[in-house]
Amino acid sequence: MNTTTRENPQLAPARAHSGTHPQQDPLNLAVIVASNRQGRFAPVIVRWFVRHAQQRDDLDVTLVDLADLDLPTALGSAAPEGLAAVSATLAQADAFVVVTPEYNHSYPAALKSLIDWHYAQWHAKPVAFVSYGGVSGGLRAVEHLRQVFAELHATTVRDTVSFHNAHGDFDGEGHHKDPAGCDAAAKALLDRLTWWGHALRNARSERPYAA
């Protein structure tokens with residue numbers, strides 16, 4: 001299973017640091033790729049977003065790609081192969097970004113399975129969303145996910161990035177055709193996420209969270 005950007009050539013952009021947002025102790029950010037469908041558009045969105053995240057010195061980015069993991073929905077059965085590695089990645093993460101499409105007014109079943117196979121890994125951590133879809137831009141999927149993560153004692157970030165009719169927004173090399181708006185949205189999301197990530201990591205270190 002490929003969980004890091006260095007090991008996943010399909011999703012990983014070149015790494016560059018802008019020199020902004022320096023931190024002594026970067027946050028561990030897990031970017032969860034929710035779509036596992038054949039022919040998915042997810043790699044285009046993920047590469048675009050990870051490029052932004054990796055330009056910051058206050059984040060260390062790891063990918064969790066659900067296309068690499070077959071999670072059964074029958075909880076209580078034997079843990080599937082590869083789950084231990086994913087569980088460790090989620091446990092070590094200080095913050096999450098979920099990159100999700102919208103399927104039938106909600107989010108993919110594979111994502112729900114990943115969420116439900118875990119519990120304490122989500123506690124007292126911030127979750128932000130990058131969504132894509134048709135006219136809704138995946139925002140209905142995001143609203144459903146906010147309710148799910150609230151039940152798991154996670155804090156969802158208000159600021160999102162959404163792409164409406166996303167297939168037409170990017171050129172053949174994966175670059176957004178009109179990047180000003182989405183670049184600004186990505187910066188706002190990452191600024192808010194890192195604020196919450198540091199605040200909640202400090203709080204967990206001072207007083208362990210009990211759910």
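**Figure 1. Salt bridge between Glu102 and Arg140.** Glu102 is buried (under 20% relative accessible area, 1.4 Å probe, protein chains only), its relative accessible area being 14%. Its partner Arg140 is partly exposed (between that limit and the exposed class, over 50%), at 34%. The two form a salt bridge, defined as a side-chain nitrogen of Lys or Arg within 4 Å of a carboxyl oxygen of Asp or Glu, with the closest N and O atoms 2.7 Å apart. This pair links distant parts of the chain, 38 residues apart: Glu102 lies in the loop between S3 and helix H3 (109-116), and Arg140 in helix H4 (residues 139-151). Helices (H or I, at least four residues) and strands (E, at least two) are DSSP runs, numbered from the N terminus. The model is predicted: local features need pLDDT of at least 70 and side-chain atom pairs pLDDT 80 or more, whereas totals for chains, interfaces and linings use all residues. Residues are numbered from 1 along each chain as its sequence is written, and side-chain values use heavy atoms, without hydrogens and water.

**Figure 2. Salt bridge between Asp94 and Arg201.** An N to O distance of 3.2 Å joins the two side chains. Asp94 sits in the loop between helix H2 (83-92) and strand S3 (95-101), while Arg201 belongs to helix H5 (residues 180-206), 107 residues apart. Both Asp94 and Arg201 are buried. A network of salt bridges links them with Asp25 and Arg204.

**Figure 3. Salt bridge between Lys112 and Asp116 in helix H3.** The side chains meet at 2.7 Å, N to O. Because Lys112 and Asp116 are four residues apart in helix H3, about one helical turn separates them. Lys112 is partly exposed at 30% relative accessible area, as is Asp116 at 33%. The structure holds 12 salt bridges.
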